[in-house]
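Visitor: Please take me through one part of this model at close range. I would like to look at a sheet in chain B, strand by strand, and then at what lies around it.

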Amino acid sequence: MKSAAAGSAASFWRRISAQNRDVLKSVGALAAICILAVLLSPTAANGSYIFLQLGNLTDILRQVSLVGIISLAMNFVILTGGIDLSVGSILALSTTVVALVLTKWQPGLSYSIEITLAVLAALAVSTASGALSGAVIAVFDVQPFVVTLAGMIGIRGLAKWLSSNANVDVGFGQDVASTFAAIFRGKAVTIGCYVALAIVFAVLLSRTIFGRYVRAVGDNERAALYAGLPIRQVKLWVYSLSGLLAGFAGVLYAAENHQGNPNAGVGYELDAIAAVVIGGTQLSGGKGTILGTIVGTLMIGVLTNMLRLNNVDSNVEMMVKGGIILLAVAVQKQGKHVR
Amino acid sequence: MSQTILQLSEINKRFDGVLALQGASFSVFAGEVHGLMGENGAGKSTLAKIIAGTIAADGGRFFVDGSPVTINDPHDAQRLGISIIYQELDLFPHLTVAENLAIGNRQFKERKFVRLADLDRFAEPFLEQVGLTCGPRCAVRSLSMGGRQLVAIARSLSMRARIILMDEPTSALFDDSVERLFNLVGALKQQGVAIVYVSHKMDEVFRVCDRVTVMRDGETIGTRAIQEVSSAELIRMMIGKEWQARDCKPAISNDETVLSFSDLTTAKLRDVSFDLRKGEVLGIAGLLGSGRSEIGAALMGLDRWKKGQIILRGEPASIKSVKKAMEAGIRWLPEDRKLDGLMMQMSILENGTISDLRPLSWFGFVSRQRERRAAMALFGSLSLKFASTSLPVGTLSGGNQQKVLLSRCLLGNPDIVFLDDPTRGIDVGAKEDIYRIIEQLASQGKGILLVSSELPELLRCCDRILVMREGTVAAELDAGHTTQEEILTLATHAPAQVGGPA
């Protein structure tokens, strides 16, 4: 009886493709963490699990949204065999630019136009920052780690210089800046943006020529060159997209925190890379999916939430996160040996 | 006379089930230069690496100075006084000359901390012996290939090597360094060092060797003293039996020239000229590094043209990138399918279509249906065998992987196809399929350039054959009126003792 069940499970496992197998594995891991979270969850006065309350679940989504958005483009960068360390600094620059434009610029236009322009300015600066890294990497063939490390330092400096080292406060009144914050800080808006961008990037990766090229360049760059693929353009694009999404996360950050903060986003690049790696994307490039990255992001979110609901010390939380990353990579490696 | 210093008997070695060496036996005298000859893939380098302990033999016996020994790793070989100098010298470019000599060397007595004076004292006598003047403290990366070769030899000497294996030592050298190397080889011989000289260049073997052993298909065919053998006999030994089958020769249907090289010169080619007609298969023969693959690199815009031009369909063409070449209707099958061709983690389907996705897509979105239909038609005509096109391409056999790359080449319906050794390392059945495809492509009026290491293959499939040597066209032959002997003679720069019937 038991062996028959095991046999049919094994034959099912063989029939599905390797890629789907990896996705199923990570979805399974996410489910396991969720079950654990429910079991460990404290209960409310009426006996229901706090973890499962709608408010808690949407809180998790909201908390992971910013890093989640950044990790979508980070996945593209890593798929090409690169890395982008500058996203945390670009996020800070974006918060600063959007807040400065809204508070210091008084053109007397309608609120909607002014807010649109401020957001576009932040996104443009962010995309340009990413494009600059991408151009250096693509044209001069310098290691992405070094280029984006330089970007991480330099762009943080730019954000601090623009804001004179101080937070740019976005008020709670009726002015244009406060209106901006009121629009973009909603839970539904933040989560909606994450979901929409996730769908766009999933389609971009799995259905378009660009997505194919991204994976091909990371899989075997020399073969991609010999096959006539536009390697430089692909690299320029992925770093530009990475800048764009980091900038978008910065806009949401500024609204949520009611300020432009040049010290925001420190360490976000590592959180995003962690989400991508937990999601099964290979750091050497060529293999990985957006669904995997989303699962990786949610795993970190659920885990953090579970530990916080149980009042676990935040330092212990970090230790557990470190362990989970190692575990995720170990599981992926093991799968390879079996094949 | 001379006494036997090294003797091998019945050495066998398999790689992934393929026999690389089969009962190979030979012996080396003290103070002789012993040539080891054979075509590409005959097993020369494998045998040299087994002697040096870099790879372990599956079976066979070794004798040094008449007593049986085991050689399982490089340390065993070093203890026995055996040292190897690889084709791609295994030096550390960022270390100094003296450090390269001392590192991993049992003769150098290490202390806890390195003293530069110790290193200098250790290295200097050997540097003097090989005639390297740059001093022990200069960095290896600052030396020319010839200089590095001397460092590698000094390293062998400093290990007290009595048997030095040199694997194609002149392949990366220019003329004056070659001369210096030969002089040094002569001097070492006088000191009683035995040298195993792996080469497929006929003139060198006659120049430096005392005896020569010929290998073919992993077997040692025979050993001859150099005074008692002609290059014609060596070539016959290397080729073996005559090849008769030549049934896939397509007839040239028309005389329209589709591609011409005119005095084309790049970093690795000198004044290369030839014409390729529609519906013709033009073979390119030559040793590794002779410039045969570099014709492809020049054609695809990968190597810069210094001089001369390429004429496409009667018009001078400017090809500066692979993309430009592809737009001009040229496709290329690279030599090394794993390193240069396939994206191993991507699927069979994706590998087949990656070069020509545009016509299969709509505003940047790949139409899966069109992609599948186009690929399946090609896969079918190439008799590609697969369980599912969504499996990673790495799950296929070598022959089927090559067919996936061929599909990639053919999907864009090119006019000109450059195939760089398409049948290397694939099984006989897949080879036959590829010959059939070449024939079909020619009959469709495509111009085909076929590089091959296997001469019978060239004779069988081609209309004409270019023989490349040292970056130039050594000869252009009519495939119907030439022989393997003639091609090999031209490719190896042997004295012209054998001529094909004109």
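Guide: Start with a definition: two strands count as paired if DSSP finds at least two bridges between them. The model is predicted. By that rule β6(B) pairs with β7(B): four bridges join them, and the two strands run parallel. One residue pair fixes the register. I85(B) has M166(B) as its bridge partner in β7(B).

Stay on β6(B) for a moment. I82(B) and I84(B) point one way from the strand. S83(B) and I85(B) point the other way. All four of these residues are buried.

Now step along. β7 of chain B covers residues 163-167, and β8 of chain B covers residues 194-198. These two also pair in the parallel sense, here over five bridges. I163(B) is matched with A194(B) in β8(B).

Widen the view to the whole sheet. It is open, with six strands in the order β6-β7-β8-β3-β9-β10 (chain B). The pairing is mixed. β6 (82-85) and β10 (219-225) of chain B stand at the edges, and each has a single partner strand, so one side of each lacks a neighbour in the sheet. From one strand to the next, the twist averages 20°.

A helix packs on this sheet. It is α8 of chain B, residues 231-239. Helix α8(B) touches β3 (33-37), β9 (211-216) and β10 of chain B. Its direction makes about 30° with that of β9(B).

Chain B holds another open sheet of six strands, useful to set beside this one. Its order is β16-β19-β20-β13-β21-β22 (chain B), again with mixed pairing. The edge strands are β16 (330-333) and β22 (472-478) of chain B, each pairing on one side only. Neighbouring strands are turned by 20° against each other on average, direction ignored.

Inside that sheet, β13 (281-285) and β21 (464-469) of chain B run parallel, joined by four bridges. I284(B) stands opposite L466(B) in β21(B). Helix α9 (292-299) of chain B packs on the sheet and touches β13, β16, β19 (416-420), β20 (447-451) and β21 of chain B. The direction of α9(B) makes about 145° with that of β19(B).

Last, the side facing the other chain. 25 residues of chain B are in contact with 20 residues of chain A. Elements giving two or more residues to this side of chain B are α10 (322-327), α11 (337-341) and β18 (365-366) of chain B. The residues on this side divide into 15 nonpolar, six polar and four charged.

Key:
Residues numbered from 1 in each chain as written. Chains lettered and ligands numbered in written order. Predicted model: local features only at pLDDT ≥ 70, side-chain atom pairs only at ≥ 80, totals over all residues. Axes fitted to C-alpha atoms, helices over the stretch in contact; angles between N-to-C directions. Contact = placed C-beta atoms within 7 Å. Nonpolar A, V, L, I, M, F, W, Y, C, P; charged D, E, K, R; others polar. Buried ≥ 20, exposed ≤ 12 C-beta atoms within 10 Å, placed from the backbone.
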